Amino acid sequence: MTNVYRNVQNVIVKIGPHRPTHTSVLLNCHFDTFADSPGGSDDGAGCAVMLEVLRVIAHSSKLLKHNIIFLFNGAEENLLQASHGFITQHPWAKEVHAFINLEACGAGGRELLFQAGPDSSWMLQVYSKSVPYPYASSLAQEIFESGIVPGDTDFRIFRDFGNVSGLDFAWSTNGYVYHTKFDNIDQIPVGSLQRTGDNILALLQGIVLDNYLSEVIQDNAGKLVFFDFLGTFVIRWPQHVASTINVISIVAGVYSIYLNTQSARRDVKKFIYLKHVLLCIGAITVSWLVSIISCTMIAFVLTKLGKVMSWYARPAWLFFLYVCPTIFVSMMFFLHVGSRQKKEVKSTWILYQIYCDAYSIIWMLILFCCVVFEIRSGFIPLHWVVFPTVGNLLRYNFFNKWRGWKWLLYYLATMFVPYMQSFYLVIGALYLFIPIMGRSGSSINSEVVMANTLCILFCLLLSFINIKTWTIFLKYCFIMLTIFSSVTGSTFNTSLAPERFMIAHAQRQYYDINGNLRYSGTGYWIADLDMNSPHSVEAMVPEIAAATPTVKDCEHELYCGLPYFMPVTTFLWKTSWIPGPAPLITIPTKLDLISKSMRQNIVSFTFNVTGPDHISIILSPYKGVHLEKWSVLEGTALQGPKWNDRETYFVYYSCASDCVPYTFTVELNVPYVQKAPCLSVALGGHFLHGEHQKSLRFKRFLAQFPPWTVVTPWTATYTSWQF
């Protein structure tokens, strides 16, 4: 997508030492909010933290060595425009050597350091030394960069357009209220504000009271692996160091297994031992597959019964829906396989040791894959390789005669740290992902996603479990469930978990090559954000009964013939259309052909666009025709997803004030002279705020939605032409 903006606003404050310096650190938040949301957490709280940090710094007696630029940007929700305006145009941008970005995808909790880079190992060093309550993970960065989490932040703008390294922080707890009318100050715990303020102030002081900015301009350490250990301290190292540590751990792990085969020679032959290690690896793998199949079948049954997402507002239900079946199926399978193995391996404790080694080998294989593919979250399997290896080496040298409960308790003690660290990460992931399922789109079967996610997570999390430890584990699991319920229960019981709807009161018009109107329709366009949408409210909103899918429209019309605000058809392709009354359009969205010229096989069009303050412009040359050049920006045009084997280009034009018509030129490479059209152009006019956002009819329609829903409404038009 190409972003074109005009007159967006920022509020910028600069504070520095008495002696002028040309090195600065940038602290950024955004004061604009999502449509119809108060923006308490996103990002009013971040701006409040910045104001308090500014007050403390301004009254501090400590001597600064560098400038601090406080950027309160006014157009983040409008596709990151204000941060781009600052970093590419403001004169102070040239002196920015590092930045800290404050964001939110939830209301409260701990602020997660989920992005760092590209050359910020020194910033992570300052963070680990200075911050009193660390919470960081390169796993979160890999998840965010993969696109699993829908969204983007100003971090990318500063990094890519300013060539600056920095850190990205966000709250992730209680994501239910994110981008809704419920995101107000009442949802934000005071403790979260205090914690974030303490951390950001300490980090900022660690940077500006030292010489890092002047001494370290480029730190080419490559990708960074970083994670906090149970919230107490941060471990960090470059990717190449992580790979070295991982390889050494794998070698040490293989050696520890070799020692185990040597110590077991009195009870079982080496060949039998290795044979059963391989059998155990197969049994563990099959048990995981059987567990996944079982949980998936449960999810499909619930989908068929129309009982999906019952856990959305009650996450503890996931334990009974999918974690308990995972445990039960695995336990039954292991008991069955173990009873057969005892025919050859008479000693229960040797069989126990074989299972331990099998699990270690599986984790070594996972860790090896992390090394080969340079996966930064390899620190997770590293825990499960290092601690059993160290435990094996210590037991072989000092506790080799231990058997029975001593051996069992010793093994559980060596597994305590990796288990607690992994459980810590799992809980954080669930806090993030469960609310996301309410806005991930109805094209995704969220029930199956959560079933498989929970099953895989707990299969790996319970990888220290074998036949001898099931009884202890089930008791321990009950205790952990009680603790988990006491910690999370109050949050989800007192917080809102509304069902989300995005609804546009829309007008759709399609013109042919001769300028004749070939289709015109009006109604309500619903972007289905979860599996239950839109029929979950049919009893309260009778118009929903007339809703029809728009999948076929996507086959015949550019961008489905619908007023998409952003190019997200690959994400939100499953939407619904309800025929209805015409919207009140006081500012028409117009496209005027200013000129057309031909030179050999190059056809040039100049267009003029007028309309509201938010317009989407969609271009699609016909098959065999290519966009050679355009005046929207210099360089190669950014291409969107293909549609019917045709190129598509999405331009988002907006202005904060003093809107003017937008004129642009495109040059097409047409390989042969043709009388048929060579270009499709579609305009989407969006009324996102003010008196034009909702007509009286639209308000009456919205008033029918129940209080447990939250609706993001706007009025829009979609018009397409052929040239």
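This passage describes the disulfides, salt bridges, a buried asparagine and the annotated transmembrane regions of a predicted model.

Residues are numbered from 1 along each chain as its sequence is written, and side-chain values use heavy atoms, with hydrogens and water left out. In this predicted model, local features need pLDDT of at least 70 and side-chain atom pairs count only at pLDDT 80 or more, whereas totals for chains, interfaces and linings use all residues.

The structure holds three disulfides, a disulfide being taken as a pair of cysteine sulfur atoms within 2.5 Å. In chemical terms, such a link is a covalent bond between the sulfur atoms of two cysteines. One of the three joins C29 to C47, with the sulfur atoms 2.2 Å apart, and the torsion about this S-S bond is about 105 degrees, so the disulfide is right-handed. The C29 and C47 pair links distant parts of the chain, since C29 belongs to strand β3 (residues 24-30) and C47 to helix α1 (residues 40-58), 18 residues apart; helices (H or I, at least four residues) and strands (E, at least two) are DSSP runs, numbered from the N terminus. C29 is buried, with a relative accessible area of 0%, and C47 is buried at 8%, where buried means under 20% relative accessible area, exposed over 50%, and partly exposed in between (1.4 Å probe, protein chains only).

Another disulfide is formed by C554 and C560, whose sulfur atoms lie 2.0 Å apart; the torsion here is about 100 degrees, so this link is right-handed, and both C554 and C560 are buried. C655 and C659 are also joined, with an S to S distance of 1.7 Å, and the 95 degrees about their S-S bond make the link right-handed. In this pair C655 counts as buried at 5% relative accessibility, while C659, at 40%, counts as partly exposed. When the bonded cysteines are numbered in sequence order, the pairing reads 1-2, 3-4, 5-6. C105, by contrast, is in no disulfide, and the nearest cysteine sulfur, that of C47, is 16 Å away; C105 is nevertheless buried, with a relative accessible area of 18%. C455 is likewise in no disulfide, although the sulfur of C295, the nearest cysteine sulfur, is 4.0 Å away, and C455 is buried with a relative accessible area of 0%.

A search of the whole structure finds 11 salt bridges, each defined as a side-chain nitrogen of Lys or Arg within 4 Å of a carboxyl oxygen of Asp or Glu. Among them, E111 pairs with R195, the closest N and O atoms being 3.4 Å apart. This pair links distant parts of the chain, with E111 in strand β6 (residues 111-117) and R195 in helix α6 (residues 190-208), 84 residues apart, and both E111 and R195 are buried. The side chains of D553 and R508 meet in a salt bridge at 3.5 Å, N to O; D553 lies in helix α16 (residues 551-556) and R508 in strand β10 (residues 499-511), so the pair ties together parts that are 45 residues apart in sequence. D553 is partly exposed at 25% relative accessibility, whereas R508 is buried at 2%.

A further salt bridge connects D645 with K623, the closest N and O atoms being 3.8 Å apart. D645 sits in the loop between β17 (626-630) and β18 (649-655) and K623 in the loop between β16 (614-621) and β17, so parts that are 22 residues apart in sequence are tied together; both D645 and K623 are exposed. In addition, E142, E145 and R376 are linked in a network of salt bridges.

Helix α6 also contains N199, which is buried with a relative accessible area of 1%. Not counting residues up to four places away in sequence, N199 touches E111, V131, P132 and Y133, contact meaning heavy atoms within 4.5 Å. A polar atom of the N199 side chain lies 2.9 Å from the backbone oxygen of Y133.

The unreviewed UniProt entry places the feature "transmembrane region" at residues 237-258, 278-303, 315-337, 358-387, 407-436, 448-467 and 473-492; positions from this record are given in the numbering used here, feature names are shortened, and annotations may be inferred rather than shown by experiment. In the model, residues 237-258 are 91% helix and 9% strand, with the end C-alpha atoms 30 Å apart. Residues 278-303 are 100% helix and 0% strand, and the end C-alpha atoms of this span are 37 Å apart.

Technical notes: A polar contact is a pair of N or O atoms within 3.5 Å; within protein, one must be able to donate a hydrogen and the other to accept it, and residues adjacent in sequence count only if both atoms are side-chain atoms.
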